[in-house]
Amino acid sequence: MRDFFIRDTLFLRPLEPEDLDLLYQWENDTRLWKNGSTLTPFSRFALRQYLADAQQDIYQARQLRMMIVEKESNKAAGTIDLYDFDPLNGRAGVGILVDENFRKKGHALQALLCMEDYAFSHLKLRQLYAFVPAENIPSRALFEKANYEETAVLRDWISLNRSFTNVIVMQKINK
C-alpha cells in the first residue's frame, strides 16, 4: 500500500496534543491573518478543543488538518488543510501555512502534492481549489507550480488595513 503522506524531505501527520504551542503561535500571528479569515486571537482552551475534535473523520468534520514535518529535523514546519470538504460534488478547499523558518525549501510544494495525492486517489475528489489574496505572490507561485489554474477574480473580496483587495480563485481538476 502506498503512503500518501510521505515525500522526499517531509511527511504529513495528524495533529497531536503536543502541537498546541505551535498552533497557538501560528493562529495568533496577526501577520498571517491577511491570508485567511481570522478576525480574533484563539485561546489555548479553544485550540485544545480543536485538537480534541481534530480526531474526527473527514466525512464528519468536513475538514482535515495535517502537520507538515521536516524529515531531517523531525520538526513541524507548518500545516496543510482540506476544508469545506464536499464529497457529493467531489471538491475541497486547500490551505497551507509554512513557518517562516522553513520557507524556501520546497516544503510547501511537497506537502501540497501529498495532500493532492490523498484527495484525488483516496478520497476520489474531482477538484481542489484555493482562495489566494492577489498580493500573496509566493502562494500564487506555489499553486501555479502545482498546475492550479487561475479561474476567477473575486474583486474587493477581503479587507486589509481599511482597504479591499482581490482574491484569486485557483483550481486543479483531477482529470
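Colleague: Which strands does helix α1 lie across, and at about what angle does α1 run to β3?

Modeller: In this predicted model, helix α1, covering residues 20-27, lies across β2, β3 and β4 (91-98), and its direction is at about 70° to β3. Helix α5 (residues 137-145) also packs on the sheet, where α5 touches β4, β5 (127-133), β6 and β7 (163-173), and the direction of α5 makes about 160° with that of β5.

Colleague: How many strands form the sheet, and in what order?

Modeller: The sheet is an open one with mixed pairing, formed by 7 strands in the order β1-β2-β3-β4-β5-β7-β6. Its edge strands, β1 (10-14) and β6 (149-160), each pair on one side only, and from one strand to the next the twist averages 30°.

Colleague: How many bridges join β2 to β3, and do these strands run parallel or antiparallel?

Modeller: Strand β2 is joined to strand β3 (residues 75-86) by 7 bridges, and the two run antiparallel; for L64, the bridge partner in β3 is L82.

Colleague: Where is E70 placed, and why does E70 count as buried or exposed?

Modeller: E70 lies in strand β2, which spans residues 64-70. A residue is called buried when its relative accessible area is under 20%, and E70 counts as buried because its relative accessibility is 6%.

Colleague: Which side chain makes a polar contact with the side chain of E70, and which residues does E70 touch?

Modeller: The side chain of S73 makes that polar contact with the side chain of E70, at 2.6 Å. Leaving aside residues up to four places away in sequence, E70 touches T9, L10, K75, F102, K105 and H107.

Key: Residues are numbered from 1 along each chain as its sequence is written. This is a predicted model: local features need pLDDT of at least 70, side-chain atom pairs count only at pLDDT 80 or more; totals for chains, interfaces and linings use all residues. Side-chain values use heavy atoms; hydrogens and water are left out. Helices (H or I, at least four residues) and strands (E, at least two) are DSSP runs, numbered from the N terminus. Buried means under 20% relative accessible area, exposed over 50%, partly exposed in between (1.4 Å probe, protein chains only). A polar contact is a pair of N or O atoms within 3.5 Å; within protein, one must be able to donate a hydrogen and the other to accept it, and residues adjacent in sequence count only if both atoms are side-chain atoms. Contact means heavy atoms within 4.5 Å. Two strands pair if DSSP finds at least two bridges between them. Axes are lines fitted to C-alpha atoms, for helices over the stretch in contact, and angles run from 0 to 180 degrees between N-to-C directions.
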